[in-house]
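Please open the model in a viewer and keep the sequence panel at hand. The tour proceeds by selections, each followed by a description of what is found there.

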Amino acid sequence: MIKIAVKDVNSGGLEINQTVPMEGIGLSAEEIDLRSPITVKAKIKRVDDEIIADAKVSADFGYMCARCLEDFHEVHESDYHFNFEIANELEEYIDLGEEIRQEFIMANPARILCKEDCKGICPGCGANLNLEKCKCK
């Protein structure tokens with residue numbers, strides 16, 4: 001979790017720079033293949049009854065190519081803007097980690113290619129056509 005105490009955020013703002021494991025924001029390996037911890041740099045400020053967080057988040061994502069079935073990874077860095085309405089005095093924390101978790105899940109593609117011109121696998125001999133020629137006659 002990346003919990004921020006509401007009392008610590010004033011109009012002058014607050015900056016955080018954290019590195020958390022995927023479990024730290026509630027992700028599991030079954031949901032997303034992360035190959036590195038998640039780096040979060042955020043500027044957080046309070047405006048009236050709202051807390052605004054501008055965050056730069058990066059992590060190394062692992063994938064399996066939909067055509068050739070090769071394992072590969074890509075580092076993604078994204079900018080996010082989150083608004084948290086503080087409705088009453090009982091709200092002690094905002095959870096930036098939960099917002100990031102939701103963004104990661106929604107942005108994770110169902111199908112992805114290792115490269116735009118991936119040639120895939122030969123249906124006859126099973127050769128990865130990116131690495132070798134087809135062995136079929």
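A residue is called buried under 20% relative accessible area, exposed over 50%, and partly exposed in between (1.4 Å probe, protein chains only). The structure is a predicted model, in which local features need pLDDT of at least 70 and side-chain atom pairs count only at pLDDT 80 or more, while totals for chains, interfaces and linings use all residues. Residues are numbered from 1 along each chain as its sequence is written, and side-chain values use heavy atoms, with hydrogens and water left out.

**The sheet**

Select residues 14–20 and 71–85 to display strands S2 and S5, the edge strands, each of which pairs on one side only. Strands (E, at least two residues) and helices (H or I, at least four) are DSSP runs, numbered from the N terminus; two strands pair if DSSP finds at least two bridges between them. Four strands make up an open, antiparallel sheet, and their order is S2-S3-S4-S5. From one strand to the next, the twist averages 20 degrees. Axes here are lines fitted to C-alpha atoms, for helices over the stretch in contact, and angles run from 0 to 180 degrees between N-to-C directions.

Next, select residues 38–47 (S3) and 50–64 (S4), an antiparallel pair with nine bridges. Within this pair, Val 40 has Val 57 of S4 as its bridge partner, and Ile 44 is matched with Ala 53 of S4. On the S2 side, S3 is joined to S2 by seven antiparallel bridges; there, Val 20 has Ile 38 of S3 as its bridge partner.

**The hairpin turn**

Which residue in the turn between S3 and S4 has a positive phi? Select Asp 48: S3 and S4 form a hairpin with two residues between them, and Asp 48 has a phi of about 55 degrees. Asp 48 is not a glycine, and it is exposed because its relative accessibility is 68%.

**The helix on the sheet**

Select residues 96–107, helix H1, which packs on the sheet and touches S2, S3, S4 and S5; the direction of H1 makes about 130 degrees with that of S5. Contact means heavy atoms within 4.5 Å.

Within H1, show the side chains of Arg 101 and Glu 98, which meet in a salt bridge at 3.0 Å, N to O. A salt bridge is a side-chain nitrogen of Lys or Arg within 4 Å of a carboxyl oxygen of Asp or Glu. The two residues are three apart in H1, about one turn of the helix. Arg 101 counts as buried because its relative accessible area is 18%, whereas Glu 98 is partly exposed at 25%. Add Glu 31 to the selection: a network of salt bridges links it with Glu 98 and Arg 101.

**The loop between S2 and S3**

Is Ile 32 buried or exposed? Ile 32 is in the loop between S2 and S3 and is buried, with 2% relative accessibility. Leaving aside residues up to four places away in sequence, Ile 32 touches Met 22, Leu 27, Phe 61, Phe 104, Ile 105 and Asn 108. Ala 29 belongs to the loop between S2 and S3 as well, but it is exposed at 52%. Its C-alpha lies 11 Å from that of Phe 61, 32 residues away in sequence.

Now select Arg 35 and Asp 71, a salt bridge with its closest N and O atoms 2.7 Å apart. The pair links distant parts of the chain, with Arg 35 in the loop between S2 and S3 and Asp 71 in strand S5, 36 residues apart. Arg 35 is partly exposed at 35%, and Asp 71 is exposed at 51%. The whole structure contains eight salt bridges.

**The loop between S4 and S5**

Select Cys 68, located in the loop between S4 and S5 and buried at 3% relative accessible area. Beyond residues up to four places away in sequence, its contacts include Cys 114, Cys 118 and Ile 121.

Leu 69 is in the loop between S4 and S5 and has a positive phi of about 65 degrees, although it is not a glycine. To finish, select Met 64, Leu 69 and Ile 121, a nonpolar surface patch with about 290 Å² of accessible area together. Patches are made of residues with over 30% relative accessible area and no salt bridge, with like charges joined within 9 Å and nonpolar side chains (Val, Leu, Ile, Met, Phe, Trp, Tyr) within 5 Å; accessible areas come from the Shrake-Rupley method with a 1.4 Å probe, and for residues only the protein chains shown count as cover. Ile 121, in the segment after H1, is partly exposed at 31%.
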